[in-house]
Amino acid sequence: MVQDKLYDLVILGGGPAGVTAAIYGARAGLSAILLEKMIVGGEIVSTDRLDNYPGFPDGITGAAFGLLLESQLQRFHVAVRAAAVEQVSFKGEAKKVFTPEEEITGRAVVIATGTVPRLLNVDGELSLRGRGVSYCATCDAAFFRGKDVAVVGGGDAALEETIFLSRLAGKIYLIHRREAFRGVKALQEKVYSLPNVEILWNTTVEKIEGERRVEGVRLARDGKELFLALQGIFIYVGRQPNTGFLRDEVPLDEQGFIITNEKMETALPRVYAAGDVRRKELRQVITAAADGAVAATMATRSLAVGS
Ligand code: NAP
């Protein structure tokens, strides 16, 4: 274990919340380090298009947006580690973060670890994951060119990814358990206009079938069972917070989201949470970025008072 430096600010997660916290911290003169286990940009990188972030009148692809975040981080000389946090110790003055390679210590910490896809929890989902079962249309759509697929869910993500898949896949069955979508109207209207999308309302997936790859899904509707032959299924039934590594260090709500006040403060001094990982009403890139700005600003003020 190497431990040679005390950072002012340790940021967990490199999505819009974490990157914004890093930029605000660095501009305030704090020494900051950001840990990201996958790719700077976070979840947005695997989104086809970001259409509702001000300043991009024509929208921007998630991948291009992620690259912009990364180059902005570089301009502010924030240290970045490609590392997954395994454990933390936040109760003392020194906030400790443990990765497989090192122990990193900071005076303040911002948790911005986002969310991971929620599972549908049906037979065949895990055994056929990566063999026709996917949680990322942008990543995997190319494997389904001209093929019949299903999308499950009725939120923004399911609608957005249905629109994306409609350009590549053959027929798309959009399977939703109710008869009204939760996603925004603009996305709903676009989905209704797509000729290769068939919406299956009030329908649930009971089982995903296939020997070596997905061959079809068994559905239930109105008490009846039906089978759809298809080659892929994209699951968008919501997301769950990435907070398992916190164990019982920080108070969470019943769903595992971090509880903060509007200053992004958790119950522990100098431990802040920002973005999708915290309990909040609206999970969007812009609200994540705003949370990151608030968290870093509050950390800066607290460190100035305490130092
Ligand atoms: P979401 O809004 O929570 O929607 C999840 C959908 O999955 C709901 O329609 C829900 O049905 C359905 N569902 C949940 N559990 C299910 C189950 N066990 N079986 C079948 N269906 C199930 O999740 P999301 O679409 O991933 O979006 C997450 C957050 O990110 C939201 O705040 C969303 O606004 C945001 N987001 C925004 C954008 C954008 O602004 N462009 C894009 C993507 C995501 P019910 O409706 O019946 O509950």
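Which residue forms a salt bridge with Arg-218, and how many Å apart are the closest N and O atoms? In this predicted model, the partner of Arg-218 is Glu-209, and the closest N and O atoms of the two side chains are 2.9 Å apart. Side chains of opposite charge can pair when their charged atoms come close. The pair does not stand alone, since Glu-209 and Arg-218 belong to a network of salt bridges that also links Lys-207 and Glu-225. Arg-218 itself is partly exposed, with a relative accessible area of 26%, a value that falls between the limit of 20% for buried residues and that of 50% for exposed ones.

Counted by the same rule, the model holds 11 salt bridges, and two others deserve a careful look. One of them joins the side chains of Glu-43 and Arg-239, with N and O separated by 3.1 Å. Glu-43 sits in the loop between strand E2 (32-36) and strand E3 (49-50), whereas Arg-239 is part of strand E18 (residues 239-241), so this salt bridge ties together parts of the chain that are 196 residues apart in sequence. Both partners are partly exposed: the relative accessible area is 43% for Glu-43 and 25% for Arg-239.

Another salt bridge is formed by Arg-270 and Glu-93, where the closest N and O atoms are 4.0 Å apart. This pair, too, links distant parts of the chain, 177 residues apart, with Arg-270 in the loop between E18 and strand E19 (271-273) and Glu-93 in the loop between strand E6 (87-89) and strand E7 (95-98). Here the two ends are placed in opposite settings, because Arg-270 is buried, with a relative accessible area of 18%, while Glu-93 counts as exposed at 68% relative accessibility.

From Arg-270 the reader can move on to helix H6 (residues 285-306), which contains Leu-303. The C-alpha atoms of Leu-303 and Arg-270 are separated by 8.3 Å, although the two residues are 33 positions apart along the chain. Leu-303 is buried, with a relative accessible area of 2%. The loop between E18 and E19 also holds Met-264, a buried residue with a relative accessible area of 4%.

Met-264 leads to a point about the backbone. Most residues other than glycine have a negative phi, and most peptide bonds are trans. In Met-264, however, phi is near 70°, a positive value in a residue that is not glycine. His-77 likewise has a positive phi, near 55°, and this residue is placed in the loop between helix H2 (62-75) and strand E5 (79-82). Whereas Met-264 is buried, His-77 counts as exposed, at 72% relative accessibility.

Helix H4 offers another view of the interior. Leu-159 is found in this helix and is buried, with a relative accessible area of 0%. Its C-alpha atom is separated by 9.0 Å from that of Tyr-236, a residue 77 positions away along the chain. Beyond the helix, in the loop between H4 (156-165) and strand E12 (172-175), comes Ser-166, which counts as buried at 13% relative accessibility. The side chain of Ser-166 reaches back to the backbone oxygen of Ile-163, at 2.6 Å.

A contact of this kind, from side chain to backbone, can also be followed at Thr-203, which lies in strand E14 (residues 203-209). A polar atom of the Thr-203 side chain lies 2.6 Å from the backbone oxygen of Trp-201, and Thr-203 is buried, with a relative accessible area of 3%.

The surface, finally, carries a cluster of charge. Where do Arg-118, Arg-177, Arg-178 and Arg-182 gather? These four residues come together in a patch of positive charge on the surface. One of them, Arg-118, is placed in the loop between strand E9 (115-117) and strand E10 (133-134), and Arg-118 is partly exposed, with a relative accessible area of 36%. That value suits a place in the patch, because patches are made of residues with over 30% relative accessible area and no salt bridge.

Notes:
Residues are numbered from 1 along each chain as its sequence is written. This is a predicted model: local features need pLDDT of at least 70, side-chain atom pairs count only at pLDDT 80 or more; totals for chains, interfaces and linings use all residues. Side-chain values use heavy atoms; hydrogens and water are left out. Patches are made of residues with over 30% relative accessible area and no salt bridge: like charges are joined within 9 Å, nonpolar side chains (Val, Leu, Ile, Met, Phe, Trp, Tyr) within 5 Å. Accessible areas come from the Shrake-Rupley method with a 1.4 Å probe; for residues, only the protein chains shown count as cover. Lys and Arg count as positive and Asp and Glu as negative; His and the chain ends are not counted. The place of a charge is taken as NZ of Lys, CZ of Arg, CG of Asp or CD of Glu. Helices (H or I, at least four residues) and strands (E, at least two) are DSSP runs, numbered from the N terminus. Buried means under 20% relative accessible area, exposed over 50%, partly exposed in between (1.4 Å probe, protein chains only). A polar contact is a pair of N or O atoms within 3.5 Å; within protein, one must be able to donate a hydrogen and the other to accept it, and residues adjacent in sequence count only if both atoms are side-chain atoms.
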